[in-house]
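User: I'm new to this structure and would love a close look at the place where the ligand sits. Could you walk me through it?

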Amino acid sequence: MTAGQQFPDGFLWGAATSAHQVEGNNVNSDWWAREYAAGSGLHEPSGDACDSYHNYPDDIDLLANAGLNTYRFSLEWSRIESERGYVSRAQIDHYRRMVAACHGAGLTPVVTLHHFTLPRWTAELGGWRHPDTPELFARYTEAALEVVAEGVQWVCTINEPNMLAKVAGEQDCGPHEASAQAPPNQYVADALAQAHRHSRDVLSSLSGIKSGWTVATQAFQAEPGCEEAADAYGYPREGFFLEVARDDDFVGVQAYTRTIIGPNGPQMPPAGAETTLTGWEYFPAALGIGVRNAWNLAGRIPILVTENGIATDDDTRRIAYMQAVLLDLHDAMAEGVDVRGYIHWSALDNYEWGSYDPTFGLIAVDRTTFARTPKPSLGWLGNVAQARSTTISAAERKRYGHRFTPRDHRSRRA
Ligand code: BGC
């Protein structure tokens, strides 16, 4: 270990899930409807998922016993407000119990209000395309205040608004033309920004809350001569959303891999590159690039790494990935970037939006018995959390260090 690679006291070390991906039977969500729609094109529906709706105490205990101090999970709007204006007391109490269980186990809860799924009734109105949805989201935030008031300090309003705007843009193109080239839907991007601000206003009625949104950073890198194209491609897909965060208490950074931009847009991973079960390039430097980009574009507000991980059935690669990521993250902090924590995606092997095949978890789940089996990576990350330091060999660092000089896409407002 290089001397001085010690993370600060109070650093958050955790793992994340989202409601629809682990709870099971979210029958009132738009995703459930989509999973069962004829011709959905999805490999499989979510079904019982990990049945974390009932097994969350086990999930929480496993993380805490491994040595982690944080659990990021989401509230399911479609459970809390299953019909417009009807707020379920029982569901509010369920999520209050989850927060209490975190506190009981010594975990800091990081709560996401919206992680991709909408109640069906909202989706039927047109989802984020309907002008009332930002206001409806603010009203749902009011309902969620009771959960937050249980002692939640960190609240993520909307998960990956940039992916939501991108998906809306692809839908605009129609099923046959959807491609990485489709421009994100800017109306939806603006609606999400408005919803985020309304939600933060509502949350500010409680004292001591840190609220922000979480952005999918994509480590856009230009092939030689494509620098301007990479800027133009990256800004509406990432930069805009980081700039919206400028007035927030923190910004969540989520990173998995990089996106190389060539003359024809995004490129496939370089020939011979190691790829993961999602087909993404194994590229641990993505997080450091995302964190530095967020620091610059979001106006140097505190950063929380709210997701980072790989889908693999070789847990040794997950550990190697985390080692390299954490070393680079520490370097970024040594450069002055204010990072408050590292939350791994994911706590559990879970429903990866259409399929259970890509396994991102620190913990395996038997989907018939719901038995949880921690992988070595859970213990590894827990040990790092306890020691507040990681180790990596010089050879590994050389192999997975920056292969390109990262280039920030410029701020349009600057
Ligand atoms: C999402 C997660 C997802 C992960 C891996 C992120 O975009 O927030 O819900 O499972 O990436 O694809």
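Analyst: Happy to! A word on confidence comes before the ligand: this is a predicted model, with a mean pLDDT of 93 over the chain and 92% of residues at 70 or more. One stretch to treat with care is residues 400–414, where the pLDDT is below 50; even there, the model has 44 contacts beyond near neighbours in sequence.

Now to the ligand itself. Around the ligand you will find 13 residues, and the closest are Gln21, His115, Glu160, Glu307 and Glu352. By type, this shell holds six nonpolar, four polar and three charged residues.

Some of the polar contacts can be followed atom by atom. Gln21 places a polar side-chain atom 2.8 Å from an oxygen atom of the ligand. Two tryptophans take part as well: an N or O atom in the side chain of Trp353 is 2.9 Å from a ligand oxygen, and for Trp345 the corresponding distance is 3.3 Å. As for how much of the ligand is enclosed, on its own it has 310 Å² of accessible area, and the protein covers 93% of that.

If you then look over the whole structure for aromatic rings, there are 21 aromatic pairs to find. Take Tyr71 and Phe73 as an example: their ring centres are 5.3 Å apart and their planes meet at 35°, so this pair counts as tilted. Both of these residues are buried. Elsewhere in your tour of the rings, look for Trp77, Trp121, Trp128, Phe137 and Tyr140, which ring pairs join into a cluster.

Terms used: Residues numbered from 1 in each chain as written. Predicted model: local features only at pLDDT ≥ 70, side-chain atom pairs only at ≥ 80, totals over all residues. Heavy atoms only, no water. Near = heavy atom within 4 Å. Polar contact = N/O pair within 3.5 Å; in protein donor to acceptor, adjacent residues only side chain to side chain. Areas by Shrake-Rupley, 256 points an atom, 1.4 Å probe, with all protein chains shown as cover. Nonpolar A, V, L, I, M, F, W, Y, C, P; charged D, E, K, R; others polar. pLDDT = per-residue confidence, 0-100. Contact = heavy atoms within 4.5 Å. Phe/Tyr/Trp six-rings, centres within 6.5 Å; stacked < 30°, edge-to-face > 60°. Buried < 20%, exposed > 50% of the residue type's maximum accessible area, 1.4 Å probe, protein only.
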